Amino acid sequence: MRASVRSVQLGRFFPRPFADEALFSVIQRVVLTHGGGKDKRIVSALFGSRSLQFCSQFPSVIPHLKGQSNIPCDSWITEHTVLPIYRPFTPQKRYESAVDALKVGKGNHVFKALGITASREKLTPEAKYCSQCAQDDEKSAGLAYWHVGHQLPGLTHCVFHNERLSVMCLSRKKFDVWPIVSDSKSIKAPEGSEAERHLSLLINESFILGKTVGLIPDLYERYFSRLIARGFTTSCGHLRLQQLRTEMSAFWQGLSYHPCFKDALSTQHSLPFPSNLFAYQDACHSPIKHLLLIGFLFGDIATLMSFTNTSERVKKCPPLTKVRKPEADIEATIVDALTSGLSLRKVSEKFRVSIGFVKKVAVIHKIELDLRPQKIFRPEQDEIIDKLALGYPTQDIAKQCHCSTGAIETILSQHPDIVELRADTRKLRKRERMRLSLLNTINELQCPRRNDIKLKNGTAYMWLYKHDKVWLYDHLPAQIPRCYRRSKT
Ligand SMILES: [Zn+2]
């Protein structure tokens with residue numbers, strides 16, 4: 001039922017959100033400033049109803065907030081809700097429909113769009129905070145507010161202070177619940193396991209990635225390359241899923257009590273994790289599932305993002321666990337692709353089958369193939385080796401020399417030193433690109449602070465942090481000193 005209260009437009013009197021402030025924290029501040037904290041009438045006057053989802057992780061008040069504050073919906077969603085954590089791992093269309101739902105105040109539709117159950121939402125809403133951040137905020141902002149970065153699902157530790165987050169129950173009716181600021185100077189010993197802190201870091205990194213970059217390109221290609229490199233595939237390309245599950249469980253043992261971990265590893269699913277992750281690659285899986293795999297395989301997001309050792313071996317060992325069309329269907333589509341003029345390699349990549357299989361289909365269906373020579377003579381070989389050493393892509397060399405890419409790769413495989421050299425060259429080029437990109441970001445910002453740089457250009461920041469830390473710290477502005485930094489005594 002709508003309350004018969006005259007609507008109020010705050011406009012420029014709407015409080016500016018703090019950096020990383022959770023949306024319900026902003027709402028609480030509005031009520032605190034304009035309604036004395038207890039006056040429910042202000043809620044009805046501002047949002048047209050007292051019963052909206054104010055403290056849900058996908059709140060239904062965003063259109064009202066936009067109207068009241070003149071801050072666009074996109075900013076509210078990206079900067080003040082946890083939605084961006086889902087972005088790197090959610091098919092683009094599904095993510096966009098989640099954003100659209102939030103923009104029109106249909107918070108409940110977001111659960112559907114992301115394929116997550118809303119059951120937990122029905123319980124008493126909770127919020128997490130870090131007591132060190134609370135002390136800092138009270139000093140700098142005058143109020144210990146709720147950080148959206150602490151509310152990320154699965155996060156147990158503050159990534160800045162390494163401290164375990166405290167949990168408080170929120171109220172759907174009261175609008176004055178805040179983190180507790182203790183004035184005690186006693187500093188607690190770090191709590192929790194290494195695994196919890198590791199997962200918290202990963203969650204934080206992918207949140208930043210979701211806010212800045214978006215979808216991780218070729219995510220599954222990266223997974224497969226690493227799985228092959230780590231020996232999790234058989235000689236015919238099958239994933240050793242049972243072994244992977246066992247080793248991952250051992251790796252994340254410190255998390256075994258954690259509800260997110262239990263959900264992911266549950267044996268209730270028709271296909272257990274991580275098989276389901278690989279079998280349904282186009283589906284929405286919880287970020288935690290991806291992060292458990294990423295943490296185990298790559299350590300952190302930066303390494304995953306910079307992992308370029310994809311394609312070639314992946315193409316040779318296609319992920320056979322992926323749910324495939326029946327063979328007859330595949331054959332028909334391969335015939336279509338071949339007759340339309342696609343090369344053997346392109347067809348093999350497109351349908352994730354071996355080149356040998358495509359050749360067999362071509363022979364059965366009497367399709368003539370324009371095969372390029374596989375043998376290369378000595379003088380040509382020397383020229384190719386020179387080009388490989390200079391870092392030219394194998395496909396470009398194949399085109400120039402009128403031979404197959406496979407032939408070039410065979411030559412390359414005989415020169416492990418050149419393989420290494422090419423990897424180094426790629427890394428150096430990437431380092432130059434990342435350095436330049438970071439410097440550009442610093443120049444673009446009027447008053448560059450470390451956190452702003454990290455938020456604006458997370459990719460370059462994280463890559464340099466991982467691979468070029470000395471240079472990064474030489475070029476970042478000085479850190480803002482923290483008064484409450486933990487002292488080692
Ligand atoms: Zn903190």
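How are the donor residues of the zinc ion spaced in sequence? They follow the pattern C-x2-C-x24-C-x2-H, and this report, which describes a predicted model, starts from that site and then turns to other parts of the chain.

**The zinc site**

The atoms that coordinate the zinc ion are SG of C130, SG of C133, SG of C158 and ND1 of H161, and they lie at 2.1 to 2.3 Å. The angles among the 4 donor atoms run from 102 to 115 degrees, and the site is tetrahedral. Because C133 belongs to helix 7 (residues 131-140) while C158 sits in the loop between helix 7 and strand 2 (166-169), this pair ties together parts that are 25 residues apart in sequence.

Are C133 and C158 buried or exposed? Both of them are buried. For C158 the relative accessible area is 1%, and C130, with a relative accessible area of 0%, is buried as well. A student who sees several cysteines at one site might ask about disulfides, and in general a disulfide is a covalent bond between the sulfur atoms of two cysteines. The count of disulfides in this model comes to 0.

**Helix 7**

Helix 7, which holds the donor C133, is mostly covered, since 7 of its 10 residues are buried. The buried residues of helix 7 are S131, Q132, C133, A134, Q135, D136 and D137. Strand 1 (126-129) is included in what covers them. After helix 7 comes G142, whose phi is positive, near 85 degrees.

**Two buried residues in other helices**

Two further residues, Q28 and G107, can be read side by side with two of the zinc donors in the table below.

| Residue | Relative accessibility | State |
|---|---|---|
| C130 | 0% | buried |
| C158 | 1% | buried |
| G107 | 3% | buried |
| Q28 | 4% | buried |

Q28 is part of helix 1 (residues 23-35), and its value of 4% explains why Q28 counts as buried, given that the cut-off for a buried residue is under 20% relative accessible area. Although Q28 is buried, a polar atom of its side chain lies 2.7 Å from the backbone oxygen of V177. Which residues does Q28 touch, when those up to four places away in sequence are not counted? They are W146, K174, F175, D176, V177 and W178, so V177 appears both in this list of contacts and as the residue whose backbone oxygen lies 2.7 Å from the Q28 side chain.

G107 is found in helix 6 (residues 107-114), and at 3% relative accessibility G107 is buried too. Leaving aside neighbours within four places in sequence, G107 is in contact with F58, P59, S60, A101 and L102. For one of these residues, P59, the C-alpha atom is 5.2 Å from that of G107, although the two residues are 48 residues apart in sequence.

**The chain as a whole**

How many helices and strands are there in the protein chain? There are 25 helices and 2 strands. The chain has 489 residues, and buried residues make up 48% of them. Among the contacts with a separation of 6 or more, 69% join residues that are 24 or more positions apart. The chain exposes about 25,900 Å², and carbon and sulfur atoms supply 53% of that area.

Key. Residues numbered from 1 in each chain as written. Predicted model: local features only at pLDDT ≥ 70, side-chain atom pairs only at ≥ 80, totals over all residues. Heavy atoms only, no water. Donors = N, O, S within 2.8 Å, 3.2 Å for Na, K, Ca; no water. Tetrahedral: all angles 85-135°; square planar, octahedral: opposite > 155°, others 65-115°. Helix = DSSP H or I, 4+ residues; strand = E, 2+ residues; numbered from the N terminus. Buried < 20%, exposed > 50% of the residue type's maximum accessible area, 1.4 Å probe, protein only. Polar contact = N/O pair within 3.5 Å; in protein donor to acceptor, adjacent residues only side chain to side chain. Contact = heavy atoms within 4.5 Å. Disulfide = S-S within 2.5 Å. Areas by Shrake-Rupley, 256 points an atom, 1.4 Å probe, with all protein chains shown as cover.
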